[in-house]
Amino acid sequence: MSALVTGDAVVLGLRPARLPSRALALVIDLAVVWAAYILVSLVMLFATASLDAAAQAATTVALFVLVLVGGPIAVETLSHGRSLGKLACGLRVVRDDGGPIRFRHALVRGAMGVIEILLTFGVVACIASLVSERGRRIGDVFAGTLVVRERVSSGWAAAVPPPPPWLVGRFAGLDLSRVPDALWLAVRQYLMRMRQLDPQVSWTMAVRLAEDMAACTGTPLPDGVPPAAYLAGVVGERQARDARRAFGAGWAAGGAVPAVAPPGFVGRGPGPVWASGARPQPAPDPVAVFPSAGLPASGGAAGPAGPGVTGVEVANSAESRVRSTGFAPPA
């Protein structure tokens with residue numbers, strides 16, 4: 001089945017519900033509604049035992065309308081399309097554009113449900129759902145609604161694409177403190193779904209979001225940078241700053257790595273303590289782990305220290321970094 005697409009050609013991460021899940025949710029809802037109807041009918045039967053036959057008939061009709069028809073309408077209106085059965089099956093009733101339903105939508109669905117569900121025992125609703133491309137029954141067609149799945153597998157989730165390599169670090173001087181959360185959310189959603197949009201619509205949205213981002217940061221758009229690439233670069237810069245705040249300033253240098261113990265390492269003291277059966281891993285190449293150390297790629301002799309750096313400083317820096325990781329330097 002096709003995904004839900006809004007009027008702006010935005011593909012939402014909602015999938016139309018299939019007939020088996022809708023049927024299961026309907027069975028749960030009907031069981032709850034009929035149980036409530038029988039319970040209320042028994043209570044009213046004892047309460048109206050002294051009334052005449054006409055009053056009892058009117059009470060029965062009122063109970064049928066209020067409980068079997070008005071009950072589902074009230075529940076869908078108050079819960080914005082999530083009845084008990086739909087909640088158990090991970091479904092929700094939404095409008096055609098993906099928005100929450102209101103009273104008029106629930107009223108039309110409930111009124112048509114009396115005919116296609118209660119009076120025909122769901123036969124008409126099943127046939128309409130099988131014929132419809134998106135599994136809609138007649139009540140959904142007249143109300144302009146659709147039953148979608150809220151709980152989907154993690155495979156549907158898309159990741160934010162990384163910025164181009166030539167833009168990494170270019171926006172380090174931007175002031176991102178004034179960018180509102182709503183704009184960040186809009187940019188992230190656009191970057192995750194820009195490949196699913198029409199090219200013209202995607203370009204228009206990228207230009208608009210890039211202009212809003214530039215207005216919040218107070219820095220004009222760089223020349224020669226496409227709007228989508230600019231947005232990806234700004235989002236990447238924010239993620240890098242969040243990583244630096246969470247894991248420390250060592251992530252900003254690019255050459256330092258966090259001190260993560262190798263497999264089997266259980267302690268640190270006068271010497272590494274290895275778990276039983278674990279073998280010490282070979283010591284990593286200091287240049288591969290710490291490019292700024294100035295050590296050669298192979299062998300143990302110190303190489304050129306670079307301009308303005310003495311060999312003693314290089315050795316001390318390499319020694320302190322090797323100690324922080326728990327690895328022994330190569331022989």
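# Aromatic pairs, cores and salt bridges

W34 has a relative accessible area of 39%, so this residue counts as partly exposed. The model is predicted. In this model, Y37 sits at 13% relative accessibility and counts as buried, because the cut-off for buried is under 20%. Both residues belong to helix 1, three residues apart, or about one turn of the helix.

## Aromatic pairs

How many aromatic pairs does a search of the whole structure find? The search finds two. One joins W34 and Y37 in an edge-to-face arrangement, 5.6 Å centre to centre, with 90° between the planes. The partners differ in burial: W34 is partly exposed, whereas Y37 is buried.

The other pair is F171 with Y230. Their ring centres are 5.4 Å apart and the planes stand at 85°, so this pair is also edge-to-face. F171 lies in the loop between strand 3 (145-149) and helix 7, while Y230 lies in helix 9, so the pair ties together parts 59 residues apart in sequence. F171 and Y230 are both buried.

## Overall picture

The protein chain has 331 residues, and 31% of them are buried. Its secondary structure comes to 12 helices and five strands. Take the contacts between residues at least 6 apart in sequence: 64% of them join residues at least 24 apart. The accessible surface is about 19,300 Å², and carbon and sulfur atoms account for 65% of that area.

## Nonpolar cores

The largest nonpolar core holds 28 residues. V187, Y190, L191, M213, Y230, L231 and V234 touch the most other members. Helix 7 (181-193), helix 8 (199-217) and helix 9 (227-247) are the elements that each give two or more residues to this core. Y230 therefore has two roles: it is a core member and a partner in the F171 pair.

Which residues does V187 contact beyond its neighbours within four places in sequence? The list is L209, M213, L231 and V235. Another core lies apart from the largest one; its 10 residues include L68, I73, V114 and L118.

## Exposed nonpolar residues

W34 also contributes to a nonpolar surface patch of about 560 Å², together with I38, L42, L45 and F46. L42 is in helix 1 (residues 19-47). At 46% relative accessibility, L42 is partly exposed.

L107 belongs to helix 4 (residues 103-119). Its relative accessibility is 38%, so L107 is partly exposed. Its C-alpha atom is 9.0 Å from that of V69, although 38 residues separate the two along the chain.

## Salt bridges

The structure holds 13 salt bridges. Three of them are listed here.

| Salt bridge | Closest N and O atoms |
|---|---|
| D140 and R22 | 3.0 Å |
| E76 and K86 | 3.6 Å |
| R241 and E237 | 2.9 Å |

D140 and R22 form a salt bridge that links distant parts of the chain: D140 is in helix 6 (residues 138-143), R22 is in helix 1, and they are 118 residues apart. D140 has a relative accessible area of 0% and is buried. R22, at 12%, is buried too.

E76 and K86 form a salt bridge between helix 2, which holds E76, and helix 3, which holds K86, with their positions 10 residues apart in the chain. E76 and K86 are both buried.

R241 and E237 form a salt bridge inside helix 9, four residues apart, about one turn of the helix. Both are buried. Through shared partners, salt bridges join R22, D29, E76, K86, R109 and D140 into one network.

## Positive phi in two loops

H80 is not a glycine, yet its phi is positive, about 55°. H80 is in the loop between helix 2 (53-78) and helix 3 (84-89). With 41% relative accessibility, H80 is partly exposed.

F121 has a phi near 55°, again a positive value in a residue other than glycine. F121 occupies the loop between helix 4 and helix 5 (123-131). Is F121 buried or exposed? Its relative accessible area is 76%, and the cut-off for exposed is over 50%, so F121 is exposed.

Conventions:
Residues are numbered from 1 along each chain as its sequence is written. This is a predicted model: local features need pLDDT of at least 70, side-chain atom pairs count only at pLDDT 80 or more; totals for chains, interfaces and linings use all residues. Side-chain values use heavy atoms; hydrogens and water are left out. A nonpolar core is a set of buried Ala, Val, Leu, Ile, Met, Phe, Trp, Tyr and Cys residues joined through side-chain atoms within 4.5 Å. Buried means under 20% relative accessible area, exposed over 50%, partly exposed in between (1.4 Å probe, protein chains only). Contact means heavy atoms within 4.5 Å. Patches are made of residues with over 30% relative accessible area and no salt bridge: like charges are joined within 9 Å, nonpolar side chains (Val, Leu, Ile, Met, Phe, Trp, Tyr) within 5 Å. Accessible areas come from the Shrake-Rupley method with a 1.4 Å probe; for residues, only the protein chains shown count as cover. A salt bridge is a side-chain nitrogen of Lys or Arg within 4 Å of a carboxyl oxygen of Asp or Glu. Rings of Phe, Tyr and Trp (its six-membered ring) pair if their centres lie within 6.5 Å; planes under 30 degrees apart count as stacked, over 60 as edge-to-face and the rest as tilted.
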